[in-house]
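User: I would like to learn how to read a few features of a structure. Please take them one at a time.

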Amino acid sequence: MNAEQIRSQHDLALAEQLMQTPEVISLNQKLAQMEAQGVQGVRRRLLSTSVRLSPAMAPGLTRIAQDCIAKLGVDLPVELYAYSSPHFNAACVKPEEGRLFIMFSSSLLDSFDEEELRFVMGHELGHFIYQHHDIPVGYLLKGESPVSPDLALKLTSWSRFAEISADRAGAFCTQNLHAVARALFKLSSGVTSSVVRFNLQDFLKQVDDMQLVDGAPGAGAPMEDWFMTHPFSPLRVKALQLFHHSQHMLPAGVDVATLELGVEGIMALMEPSYLDAKTDAALSMRHLLFAGALLVANANGEISEHEINVFERFFGRYEYKDNFNLEKLKEELPKRAELVKKHNTLPKRMQVVRDLCTMAKAEGKASHAEIVVLKEIAHRLEIPAFFVDQLLNENPELD
């Protein structure tokens with residue numbers, strides 16, 4: 001078994017599609033020109049803002065890196081860096097001048113044991129071996145020229161599956177489900193003290209008890225993890241549990257096709273499936289999305305072509321009409337929000353807000369008037385205002 005074989009098939013398929021889009025091709029050509037001119041200077045910035053960890057300074061971390069490099073077949077020299085931060089984080093920076101750079105926050109290095117660090121190291125190296133940096137998702141989603149709504153949605157979907165692939169690379173290096181789950185527990189809870197004793201079976205049972213099929217995943221996990229370019233932590237654990245019981249990790253494990261179907265089902269929870277469902281709960285969500293999307297789009301007094309494209313992405317081509325009665329929709333908004341609140345769990349309500357934020361970002365950046373409408377809807381659904389801020393300002397970069 002090699003690293004390329006364990007890559008998520010959904011990641012691979014979406015990446016192949018995205019690499020053929022004119023926007024990705026054009027941006028990659030521009031970035032290549034900048035790199036040839038020495039504009040980027042990634043290593044110089046790292047040397048000036050972080051500490052390069054030599055083998056003498058970090059023998060244990062260096063050994064972990066060497067083990068993962070060998071297991072995953074990485075063919076570039078790797079430099080390790082530490083930077084000061086109270087947040088658990090790590091990142092693999094796009095190679096420059098034949099070197100690959102991996103950064104770790106100081107708090108993560110202080111709080112993770114060797115096996116947990118092995119998972120993180122493998123995860124970051126996974127982004128390199130699967131060539132995830134070939135799709136500059138951060139530039140595309142945060143750039144001055146906004147990409148089309150369809151491309152933005154495809155980019156965020158791909159990004160989530162790219163994280164699943166990187167998680168598999170980390171698990172492949174670690175070969176220890178307990179350590180992998182422990183690392184994700186720390187990442188999602190922030191708890192590292194001896195006051196809490198981690199128990200793998202209890203943690204996995206908690207994930208099972210979230211009743212994914214009933215639309216209530218992630219209960220107890222940080223809200224900022226939900227519906228982003230990264231899968232939220234409970235779904236990552238669930239996907240890795242399936243991976244550890246597959247043929248990738250066990251000779252008599254579940255076949256790869258079944259694994260991929262299972263992961264697809266888990267990740268579908270982050271997609272707006274309520275647009276097709278026939279239940280009262282889904283219908284109430286569609287009615288609110290319909291009204292909310294138009295009111296957000298019209299917050300500045302007119303609805304643009306970009307916003308019409310987003311609307312028709314949700315409701316179908318040619319479904320937008322110039323004669324929609326926006327005043328009536330505004331009057332009905334409280335009633336529609338109340339029905340959503342009555343029939344749907346908090347995560348489902350957050351899903352509607354996530355989709356409304358897609359409308360607000362149709363032209364690249366949400367305006368103040370659009371944010372006011374979004375936060376009013378969030379308030380009516382009993383969703384904290386910071387969730388809107390998080391969605392509008394999330395960092396789309398792979399890490």
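Analyst: Start with helix 11: eleven of its twelve residues are buried, so the helix is largely enclosed by the rest of the structure. Keep in mind that this is a predicted model.

User: Which residues of helix 11 are buried?

Analyst: The buried set runs Ser-233, Pro-234, Leu-235, Arg-236, Val-237, Lys-238, Ala-239, Leu-240, Gln-241, Phe-243 and His-244. Charged side chains are listed too, including Arg-236 and Lys-238.

User: What span should helix 11 have, and how far apart are its end C-alpha atoms?

Analyst: Helix 11 covers residues 233-244, and at 1.5 Å a residue its expected span is 16 Å. The end C-alpha atoms are 16 Å apart, which agrees.

User: How do I read a sheet?

Analyst: Strands of a sheet pair through backbone hydrogen bonds, either parallel or antiparallel. Here an open sheet of four strands has the order 1-2-4-3, and its pairing is mixed. Strand 1 (51-52) and strand 3 (90-96) are the edges, each pairing on one side only.

User: Which strands pair antiparallel, and over how many bridges?

Analyst: Strand 1 pairs with strand 2 (residues 78-83) in the antiparallel sense, over two bridges. Val-51 has Ala-82 as its bridge partner in strand 2, and Arg-52 has Tyr-81.

User: How many bridges join strand 2 to strand 4?

Analyst: Six, and these two strands run parallel, with strand 4 covering residues 99-105. Tyr-83 stands opposite Ser-105 in strand 4.

User: How many disulfides does the structure hold?

Analyst: A disulfide is a covalent bond between the sulfur atoms of two cysteines. The structure holds zero disulfides. As for individual cysteines, Cys-92 counts as buried at 6% relative accessibility, and Cys-357 is buried with a relative accessible area of 1%.

User: How many salt bridges are there, and how should I read one?

Analyst: There are 18 salt bridges. Read each with the N to O distance and the accessibility of both partners. Arg-7 meets Glu-4 at 3.9 Å and Asp-11 at 2.9 Å. Arg-7 is buried, at 7% relative accessibility, and Asp-11 is buried at 0%, whereas Glu-4 is partly exposed at 43%.

User: Where in the chain do Asp-67 and Arg-118 lie?

Analyst: The side chains of Asp-67 and Arg-118 form a salt bridge at 3.3 Å, N to O. This pair links distant parts of the chain: Asp-67 lies in helix 4 (residues 59-72) and Arg-118 in helix 6 (residues 114-129), 51 residues apart. Asp-67 is partly exposed at 37% relative accessibility, while Arg-118 is buried at 11%.

User: Which residues form a network of salt bridges?

Analyst: Asp-113, Glu-116, Arg-182 and Lys-186 are joined into one network by salt bridges that share partners.

Conventions: Residues are numbered from 1 along each chain as its sequence is written. This is a predicted model: local features need pLDDT of at least 70, side-chain atom pairs count only at pLDDT 80 or more; totals for chains, interfaces and linings use all residues. Side-chain values use heavy atoms; hydrogens and water are left out. A disulfide is a pair of cysteine sulfur atoms within 2.5 Å. Buried means under 20% relative accessible area, exposed over 50%, partly exposed in between (1.4 Å probe, protein chains only). Two strands pair if DSSP finds at least two bridges between them. The expected span of a helix is 1.5 Å times one less than its number of residues. A salt bridge is a side-chain nitrogen of Lys or Arg within 4 Å of a carboxyl oxygen of Asp or Glu.
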